[in-house]
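This report describes the metal site, the nonpolar cores and a number of individual residues of the structure shown below.

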Amino acid sequence: MTREDDCLFCKIVAGDIPSEIVYEDDRVLAFKDISPMMPVHVLVIPKEHYSSIDADIAPEDASALMEAVSKVAHDQGIAESGYRVITNVGDDACQSVHHLHLHVLGGEKMNDGDPSVR
Ligand code: 5GP
Ligand code: ZN
């Protein structure tokens with residue numbers, strides 16, 4: 001597992017920084033966002049360090065992430081009401097943690113197509 005010493009989410013994967021884990025498997029960790037924007041706001045991340053979705057992601061990690069998103073949505077009870085999956089890449093999108101993460105958001109009605117919701 002590649003780990004970046006200065007990466008916050010690598011530290012969460014390693015257990016050096018506590019998090020509220022809602023799902024975990026060999027490749028993926030999902031935990032509650034520390035400042036939730038919605039009633040459900042979970043971050044789904046690969047345990048392997050990738051800087052963003054724009055990195056060269058191993059197919060096994062990509063598919064594990066997709067499967068985990070759906071599991072998390074079902075476990076969190078938002079699969080039926082609906083949810084939004086967002087990943088920020090780079091400065092224009094205000095990516096603040098440079099370890100790939102998918103925001104899974106739901107639990108209340110969102111604006112139609114509002115790109116600022118994360
Ligand atoms: P970004 O802006 O990079 O797309 O999202 C980073 C997310 O990480 C933000 O929503 C922020 O609230 C969350 N975050 C930052 N630091 C921590 C932390 O230490 N623990 C958890 N659980 N979430 C964090
Ligand atoms: Zn990392």
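Four donors count as tetrahedral if all angles lie between 85 and 135 degrees. In this predicted model, the angles among the four donor atoms of the zinc ion (ligand 2) are 104 to 115°, so the site is tetrahedral by that criterion.

**The zinc site**

The protein donors are C7 (SG), C10 (SG), H49 (ND1) and H99 (ND1), and they lie 2.0 to 2.3 Å from the zinc ion (ligand 2). Along the chain, the donors of the zinc ion (ligand 2) follow the spacing C-x2-C-x38-H-x49-H. Two of them, C10 and H49, link distant parts of the chain: C10 belongs to helix α1 (residues 8-14), H49 belongs to the loop between β3 and α2, and 39 residues separate the pair.

Are these donors buried or exposed? C10 counts as buried, because its relative accessibility is 2% and the limit for burial is under 20%. C7 is also buried, at 7% relative accessibility. H49 is buried as well, with a relative accessible area of 15%.

**Cysteines and disulfides**

How many disulfides does the structure contain? The count comes to zero disulfides. For C94, the closest cysteine sulfur is that of C7, and it is 18 Å away, which is too far for a bond, because a disulfide requires cysteine sulfur atoms within 2.5 Å. C94 lies in the loop between β4 and β5. At 58% relative accessibility, C94 counts as exposed. The phi angle of C94 is near 60°, a positive value in a residue other than glycine.

The relative accessibility of several residues is listed here.

| Residue | Relative accessibility | Class |
|---|---|---|
| C10 | 2% | buried |
| C7 | 7% | buried |
| H49 | 15% | buried |
| I17 | 26% | partly exposed |
| H98 | 43% | partly exposed |
| C94 | 58% | exposed |

**The nonpolar cores**

The largest nonpolar core has 18 residues, and V28, V42 and V44 are those with the most contacts inside it. At least two residues of this core come from each of β2 (28-32), β3 (40-46), α2 (59-75) and β5 (102-106). Helix α2 gives the most to this core, with six residues.

Which residues does V44 touch? Setting aside residues up to four places away in sequence, V44 touches V28, L29, A30, L65, A68, V69, V72, L100, H101, L102 and V104.

A second, separate core has nine residues, among them F9, L29, F31 and I45. F9 and F31 are both buried.

**The aromatic pair**

A search of the whole structure finds one aromatic pair. F9 and F31 form this edge-to-face pair, with 5.4 Å centre to centre and 80° between the planes. The pair links distant parts of the chain, since F9 is in helix α1 and F31 is in strand β2, 22 residues apart.

**Loop residues**

H98 is located in the loop between β4 (83-86) and β5. At 43% relative accessibility, H98 counts as partly exposed. Not counting residues up to four places away in sequence, H98 touches H49, Y50 and S51; H49 is also one of the donors of the zinc ion (ligand 2). The C-alpha atoms of H98 and M66 are separated by 19 Å, with their positions 32 residues apart along the chain.

I17 has its place in the loop between α1 and β1 (21-24). Its relative accessibility of 26% makes I17 partly exposed. Residues up to four places away in sequence aside, I17 touches L8, K11 and I12.

I57 is found in the loop between β3 and α2, and H49 also belongs to that loop. Leaving aside neighbours within four places in sequence, I57 is in contact with Y50, S52, A62 and L100. Y50 is also among the residues touched by H98, and L100 is among those touched by V44. I57 and L43 are 14 residues apart in sequence, and their C-alpha atoms are 17 Å apart in space.

Notes
Residues numbered from 1 in each chain as written. Chains lettered and ligands numbered in written order. Predicted model: local features only at pLDDT ≥ 70, side-chain atom pairs only at ≥ 80, totals over all residues. Heavy atoms only, no water. Core = buried A, V, L, I, M, F, W, Y, C linked by side-chain atoms within 4.5 Å. Buried < 20%, exposed > 50% of the residue type's maximum accessible area, 1.4 Å probe, protein only. Helix = DSSP H or I, 4+ residues; strand = E, 2+ residues; numbered from the N terminus. Contact = heavy atoms within 4.5 Å. Donors = N, O, S within 2.8 Å, 3.2 Å for Na, K, Ca; no water. Tetrahedral: all angles 85-135°; square planar, octahedral: opposite > 155°, others 65-115°. Phe/Tyr/Trp six-rings, centres within 6.5 Å; stacked < 30°, edge-to-face > 60°.
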